[in-house]
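Colleague: I've got the model open and a few labels I'd like justified. Mind walking me through them?

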Amino acid sequence: MNFNPRQLRLIDVVRERGSVTVEDLAEELSVTLQTVRRDVQRLAESGTLTRFHGGVRVPSSTTENIAHPQRQNLHAEGKARIARAVARQVPNDCSLILNIGTTTEAIAEALLHHTGLRVITNNLNVATILCRNPSFEVIVAGGVVRARDRGIVGEAAVDFIRQFKVDIALIGISGIESDGSLRDYDYREVKVAQTIIEHAREVWLAADASKFNRPAMVEAATLAQIDRLFTDAQPPAPFPQLLEDAGVRLELCLD
């Protein structure tokens with residue numbers, strides 16, 4: 001299908017950000033909301049993009065995540081803002097669990113100026129980053145290492161994490177759906193994430209704006225199990241109401 005230059009630019013913007021609201025697209029392209037909606041409708045009908053309430057995103061599978069190297073580059077600026085905001089809220093000399101994901105890896109980098117942290121992780125990338133600070137104690141869960149992202153999954157990791165109760169779990173997720181569920185792709189990873197949530201006094205979710213309305217196959221948790229959500233843009237409807245109903249403290253990371 002042939003697209004005009006404006007529509008090609010729209011596709012580029014969405015691919016760069018992962019997901020974008022209709023209002024942001026209109027501002028970015030300097031056109032009316034009606035024009036954007038017509039373009040989005042055409043692009044969705046062609047299968048080039050996927051619509052959700054209030055915006056559009058890159059088509060994604062519900063069964064398989066984007067490759068790790070690609071995820072490292074997607075929304076890197078937003079993840080960096082989230083990481084800085086999370087690090088500002090983490091006190092020195094506390095205990096943490098960090099799970100699998102490029103956002104938690106960004107958080108690990110932002111935590112390097114802390115002192116006295118004791119960190120449990122099922123992410124070898126996180127462990128490698130945090131070992132650069134000699135004042136940290138880094139504890140790595142046992143289990144099966146996924147070659148594609150160096151995440152550790154499986155029943156051995158679940159059993160290992162059950163030994164602990166930490167001050168804060170810092171977790172990432174692949175998608176947050178409009179029913180308030182937090183979702184991911186690998187059921188083995190989800191089992192570990194559920195155990196992490198159960199064994200933390202507070203649970204902080206770090207998710208850039210592209211994660212809202214992003215579908216994935218396996219439910220890991222619900223918003224009601226989260227204490228704080230760190231994200232880089234105001235969540236679209238219906239998420240503000242869902243967060244309020246669940247008692248989740250929203251932390252907008254804008255700098």
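**Labels and the numbers behind them**

Modeller: Sure. Over residues 3–58 the chain is 61% helix and 16% strand, with 16 Å between the end C-alpha atoms. Keep in mind that this is a predicted model.

Colleague: Why that stretch, what does UniProt list for residues 3–58?

Modeller: The record, an unreviewed entry, gives "domain: HTH deoR-type" for residues 3–58. The protein as a whole has 10 helices and 15 strands.

Colleague: What makes the radius of gyration agree with a compact globule?

Modeller: For 255 residues the globule rule gives a value near 18 Å, and the protein has 19 Å, so the two agree. The C-alpha trace spans about 55 × 35 × 35 Å along its principal axes. As for burial, 53% of the 255 residues count as buried.

Colleague: Why is P215 called buried?

Modeller: Buried means under 20% relative accessible area. P215 has 17%, so it counts as buried. P215 sits in the loop between β12 (200–206) and β13, and its C-alpha is 9.9 Å from that of P59, though the two are 156 residues apart in sequence.

Colleague: And N213, why does that one count as buried?

Modeller: Its relative accessible area is 12%, which is under the 20% cut-off, so N213 is buried. N213 is also found in the loop between β12 and β13. Its phi is near 65°, a positive value in a residue other than glycine.

Colleague: What makes R150 partly exposed?

Modeller: Partly exposed covers the range between 20% and 50%, and R150 comes out at 47%, so that's the label it gets. R150 lies in the loop between β7 (144–146) and β8 (151–153). Phi of R150 is positive too, near 60°, and R150 is not a glycine.

Colleague: Which peptide bond is cis, and what is its omega?

Modeller: The one joining A237 and P238, with omega about 5°. P238 is in the loop between β14 (228–231) and α10 (239–246).

Colleague: How many cavities of 30 Å³ or more does the structure hold?

Modeller: One. The largest cavity has a volume of about 30 Å³. Its lining includes N99, I171, L182 and A220. The elements giving two or more residues to that lining are α9 (187–198) and β13 (218–222).

Colleague: How do the lining residues divide into nonpolar, polar and charged?

Modeller: Seven are nonpolar, two polar and none charged. G172 is in the lining, and Gly counts as polar under the scheme used.

Terms used. Residues numbered from 1 in each chain as written. Predicted model: local features only at pLDDT ≥ 70, side-chain atom pairs only at ≥ 80, totals over all residues. Heavy atoms only, no water. 1 Å grid on protein atoms, 1.4 Å probe; cavity = no way out; pocket = protein on both sides within 12 Å on 5 of 7 lines; lining within 4 Å. Points joined across faces, edges and corners; volume = space filled by probe spheres on them. Helix = DSSP H or I, 4+ residues; strand = E, 2+ residues; numbered from the N terminus. UniProt positions renumbered as here; feature names shortened; annotations may be inferred. Rg over C-alpha atoms; globule rule 2.2 N^0.38 Å. Buried < 20%, exposed > 50% of the residue type's maximum accessible area, 1.4 Å probe, protein only.
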